[in-house]
Amino acid sequence: VNKGMACTQSNIAYSYIEPVVKNIDPIRGPPTGGNSINIYGSNFGLTSSDMKVFIGENECQQKAIIPGGISCIVPPGIGKDLPVTISTSEILSTNATYTYDGPLVFNVFPSQAVLPGNILIIFGTNFATQFNVNPPNTSVQVCSQYCQNITLITMQQLTCILPDGSDTCSVVVQVGNQFSNASQLTYHQNPPCTNTVY
């Protein structure tokens with residue numbers, strides 16, 4: 001008679017604890033990225049390799065465990081109130097948001113007696129992250145009409161072709177879901193016609 005031990009099989013479900021984000025510091029930064037962000041919370045994992053960190057759809061790099069949380073290097077990006085997401089073992093947690101600094105216009109040139117089709121130069125900061133013609137997610141409105149052929153020279157300077165307009169108009173730069181302050185320019189005014197009597 002073979003005497004063996006009876007085996008029983010137990011089906012025990014195992015689940016990971018959801019990561020919890022409590023707060024982040026800082027809550028905003030430049031669109032070029034490169035700054036460090038600290039994310040505080042719990043259940044992030046034992047090592048930085050156990051998790052992924054996203055700001056919006058872009059992944060943070062150079063993650064490191066810090067007391068009470070994790071730090072990483074912010075990727076380049078645009079937009080405000082973007083979700084900060086911690087991913088561990090395919091479990092996501094999003095309880096905080098991060099904002100990239102929006103566009104700011106200092107001045108425009110020319111600002112007086114401009115004509116449709118003129119090249120407008122806009123000076124400011126935080127215009128975009130890709131230096132090219134018609135950069136994505138970037139637009140310029142003059143008199144509520146859109147400039148054409150936007151060319152991003154630097155983060156602080158862009159050019160475009162002026163649309164039709166008249167009188168004094170506001171110039172506003174939009175990058176993603178953020179709008180700049182308004183600068184002013186004035187279109188050339190034709191002198192009124194007068195009848196000359198000889």
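These are my notebook entries on the cores, one strand pairing and the cavity of a predicted model.

**Entry 1, the main core.** I began with the largest nonpolar core, which has 21 residues, and I noted that Leu-120, Ile-122, Val-140, Val-142 and Leu-185 have the most contacts inside it. I then looked up which elements give two or more residues to this core, and found strands E10 (104-109), E11 (119-125), E12 (138-142), E14 (148-154), E15 (157-161) and E16 (168-175). Of these, E16 gives the most, with four residues.

**Entry 2, the second core.** Apart from that core I found another, of 18 residues, and I wrote down Val-21, Ile-37, Ile-39 and Val-84 as being among them.

**Entry 3, around Val-140.** Leaving aside neighbours within four places in sequence, I listed the contacts of Val-140, including Ile-122, Tyr-146, Ile-150, Leu-158, Val-171 and Val-173. Two cysteines, Cys-147 and Cys-160, are also in contact with Val-140, as is Gln-145.

**Entry 4, strand E8.** I asked how many residues of strand E8 (residues 82-88) are buried. Six of the seven are, so E8 is largely enclosed by the rest of the structure. Strand E4 (residues 51-55) pairs with E8 in the antiparallel sense over five bridges, and the bridge partner of Ile-55 in E8 is Val-84, a residue I had already noted in the core of 18 residues.

**Entry 5, the cavity.** A search of the whole structure gave me one cavity of 30 Å³ or more, and the volume of the largest cavity is about 30 Å³. Its lining includes Pro-31, Ile-78, Tyr-100, Asp-101, Asn-126, Val-175 and Gln-178, and I recorded the lining residues as five nonpolar, five polar and one charged.

Technical notes: Residues are numbered from 1 along each chain as its sequence is written. This is a predicted model: local features need pLDDT of at least 70, side-chain atom pairs count only at pLDDT 80 or more; totals for chains, interfaces and linings use all residues. Side-chain values use heavy atoms; hydrogens and water are left out. A nonpolar core is a set of buried Ala, Val, Leu, Ile, Met, Phe, Trp, Tyr and Cys residues joined through side-chain atoms within 4.5 Å. Buried means under 20% relative accessible area, exposed over 50%, partly exposed in between (1.4 Å probe, protein chains only). Contact means heavy atoms within 4.5 Å. On a 1 Å grid over the protein atoms alone, a cavity is a set of points where a 1.4 Å probe fits but cannot get out, and a pocket is an open set with protein on both sides within 12 Å along at least five of seven lines; lining residues have an atom within 4 Å of a point. Grid points are joined across faces, edges and corners, and a volume is the space filled by probe spheres set on the points. Ala, Val, Leu, Ile, Met, Phe, Trp, Tyr, Cys and Pro count as nonpolar, Asp, Glu, Lys and Arg as charged, and the others, Gly among them, as polar. Two strands pair if DSSP finds at least two bridges between them.
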